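Colleague: I'm new to this kind of thing and would love a close look at one part of this model. Please pick the part and take me through the side-chain contacts slowly, then show me how they compare with what goes on elsewhere.

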Amino acid sequence: MAEIGDVVRIHCVGSLDDGSLFCDSRKAGEPIEFTVGSQTLLAALEEAVLDMEPGMTRKLRIPADKAYGPYDESLIEAIPKARFPGWERLPLGEYIEVQSTAGILRVRVASIDEELVRFDHNHELAGKDLTFDIELLEVVTPDAIAHEAHAADCGCGCQRLKASLQS
């Protein structure tokens, strides 16, 4: 059973209300691995694996306010074209990465008019309810992770156990 602190491996398919997929670990070719409670994924998604056993599946719906929040019009930034060299090559409606004082930001090129380029800083899933189909594949407890690091002659008896299981 998965508990806080365990490393888990899941397959996860994320979809929107219109049926479009935004993630599919099976198509990506490998499961998602994370430590439960590490705040690596959405909190509701991490909580969904608690008390699951390997092989179990669960459908989870996360409303927008518990996922990436509501869409916020104030997060649209207007920059004069003169301050943005190469504006004519910007892919309208697409996401780009820009360097800022806060680091690299991923923004959507929302619009370009005669004087301004507008960048949308909202997360691409902001304002959207999300549905996840989750399958818990494996739970790896912290003890098992530490044990994997043991040397062949660690003295804990694991090598004798492995040998007995292979006989």
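**A close look at strand β9**

Modeller: Let's start with F132, which is buried because its relative accessible area is 4%, and the cut-off for buried is under 20%. Keep in mind that this is a predicted model.

Does F132 have a ring partner? Searching the whole structure turns up two aromatic pairs. One of them is F22 with F132: the ring centres are 5.5 Å apart and the planes sit at 90 degrees, so we call the pair edge-to-face. Angles over 60 degrees get that name. F22 belongs to strand β2 (residues 21–24) and F132 to strand β9, so this contact ties together parts that are 110 residues apart in sequence. F22 is partly exposed, at 28% relative accessibility, whereas F132 is buried at 4%.

Here's the other pair, for contrast. F84 and F119 have ring centres 5.2 Å apart, but their planes make an angle of 50 degrees, so that pair is tilted. F84 is in the loop between β5 (76–80) and β6 (95–100), while F119 is in strand β8, and the two are 35 residues apart. F84 counts as buried at 18%, and F119 is buried too, at 3%.

Back to our strand, now with charges in mind. The structure has ten salt bridges. One of them joins E135 to R26, with their closest N and O atoms 2.3 Å apart. E135 is in strand β9, which covers residues 130–140, and R26 is in helix α1 (residues 25–28), so again distant parts of the chain are linked, this time across 109 residues. How exposed are the partners? E135 is partly exposed at 21%, and R26 is partly exposed at 47%.

Strand β9 holds another salt bridge partner, D133. Its side chain meets that of K59, with 2.9 Å from N to O. K59 sits in strand β4 (residues 57–62) and D133 in β9, so this bridge ties together parts that lie 74 residues apart in sequence. D133 is partly exposed at 34%, but K59 is exposed, with a relative accessible area of 60%.

Now a salt bridge from elsewhere. R108 and D120 form one, and their closest N and O atoms are 3.2 Å apart. R108 is in strand β7 (residues 103–112) and D120 in strand β8 (residues 116–120), so the parts tied together here are twelve residues apart. R108 is partly exposed at 23%, while D120 is buried at 2%. Salt bridges can also share partners, and that is how R9, E33 and E138 end up joined in one network.

Finally, a charge can lie over a ring. K81 does this with W87, lying over the ring face at 3.7 Å from its centre. R106 lies over the face of Y95, with 4.3 Å to the ring centre.

To pull strand β9 together: F132 makes the edge-to-face pair with F22, D133 bridges to K59, and E135 bridges to R26.

Notes: Residues numbered from 1 in each chain as written. Predicted model: local features only at pLDDT ≥ 70, side-chain atom pairs only at ≥ 80, totals over all residues. Heavy atoms only, no water. Salt bridge = Lys/Arg side-chain N within 4 Å of Asp/Glu carboxyl O. Helix = DSSP H or I, 4+ residues; strand = E, 2+ residues; numbered from the N terminus. Buried < 20%, exposed > 50% of the residue type's maximum accessible area, 1.4 Å probe, protein only. Phe/Tyr/Trp six-rings, centres within 6.5 Å; stacked < 30°, edge-to-face > 60°. Lys NZ or Arg CZ within 6 Å of the ring centre and 35° of its normal.
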